[in-house]
Each structure stands twice: as C-alpha cells, then as structure tokens.
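User: I should like to go through this model and ask what stands behind each term applied to it. Please begin once the structure is shown.

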Amino acid sequence: MEKVILLLAMLLALSGCGAASQQNATAYQQITAEEAKKMIDELEDEIILDVREQEEYDEKHIPDAVLLPVGMIDEDTAEGVISEKDSVVLVYCRSGNRSKTAAETLAELGYTQIYEFGGINDWPYETE
C-alpha cells in the first residue's frame, strides 16, 4: 500500500512539472482591444506589431503599427523591429490566429512583455 501511495505521489509531482513547463512555453499575455488601447494611450515606447501581410497592412492598420508578417518572424527580423527583449510589444493580426502564433514565437525567442490582443476586425478605434 505504501508503494502505491509513493507511486501516485511521484506521478502527481511529474505531471505538475509538465504543466509548469507548458505554462512557460506560453509566456505572453492575451488582452482585450480595450486594454491594448489603454496601453497605447498611456505608454511611450510600446511597439504595436502587425503580423499580417503587406497588402493587408496597406489596406488598413493601427496608427504607428510596425509590420512584421508572422511567417517572417525569426531572431534576426524580430531584433530589427524590437530593440530590447523587455520592450512592451502589442501584437495583432486580422482575426487573432496569426497574432497568437507570433506572440508564442516572440516569447520563445526570449521577449518578455508580449501582449496579444487579437485582430483588427475587432479593433473599434482609429485605423489608417
């Protein structure tokens, strides 16, 4: 009986470790458009990152957004747009799918303040 209890305790401990490592893999925060707008209004050095394609960006984008298509994000391209690993980066796309992928990639590259707020389709504020 003691061996069974010990085995169960070890399995629980190992499953907890797995959950912790999975949680670290998602080192970005998902926020609402309203929260993103508030950060844009209150912060000075945030980076608004549009991860759509050039044609989509040209059609409509958030003012001051920088374009870096999700398929082009790697260590070099990210470094060219985001100067510091602890920069506040607000990530969006069209509907929220690509922005999640981009946020995950940036977190894996070591960026620590990534905020994903979905898509421009849900952005009720100014665009250009």
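Analyst: Of the contacts in the chain between residues at least 6 apart in sequence, 70% join residues at least 24 apart; contact means heavy atoms within 4.5 Å. This is a predicted model, in which local features need pLDDT of at least 70 and side-chain atom pairs count only at pLDDT 80 or more, while totals for chains, interfaces and linings use all residues. Residues are numbered from 1 along each chain as its sequence is written, and side-chain values use heavy atoms, with hydrogens and water left out.

User: How do you know what confidence the predictor places in the chain?

Analyst: The pLDDT is the predictor's confidence in each residue, from 0 to 100. Its mean over the chain is 86, and 80% of the residues reach 70 or more. Over residues 3-25, however, pLDDT stays under 50, and the model has 0 contacts for them beyond four places in sequence.

User: What makes the strands an open sheet, and in what order do they stand?

Analyst: Strands are DSSP runs of E with at least two residues, helices are runs of H or I with at least four, and both are numbered from the N terminus. Two strands pair if DSSP finds at least two bridges between them. Strand 1 and strand 5 are joined by 2 bridges and run parallel, so by the definition they pair. One partnership across these strands is that of Gln-29 with Tyr-115 in strand 5. The 5 strands have the order 1-5-4-2-3, with parallel pairing. Strand 1 (29-30) and strand 3 (66-67) are at the edges with a single partner strand each, so each has one side without a neighbour in the sheet.

User: Why are the buried residues of helix 2 said to line one face?

Analyst: Buried means under 20% relative accessible area, exposed over 50% and partly exposed in between, with a 1.4 Å probe and protein chains only. In helix 2 (residues 33-42), Ala-33, Ala-36, Met-39 and Ile-40 are buried. Seen down the helix axis, these residues fall within an arc of 120°, so they line one face; the arc is that of the directions from the axis to the C-beta atoms. Asp-41 and Glu-42 are exposed on the face turned away from the buried side. Strand 2, strand 4 and strand 5 (113-119) are among the elements covering the buried residues.

User: What makes a set of residues a nonpolar core?

Analyst: A nonpolar core is a set of buried Ala, Val, Leu, Ile, Met, Phe, Trp, Tyr and Cys residues joined through side-chain atoms within 4.5 Å. The largest has 17 residues, and Leu-49, Val-51, Val-89, Val-91, Leu-106 and Ile-114 have the most contacts inside it. Apart from it lies another core, of 16 residues, including Ala-33 and Trp-123.
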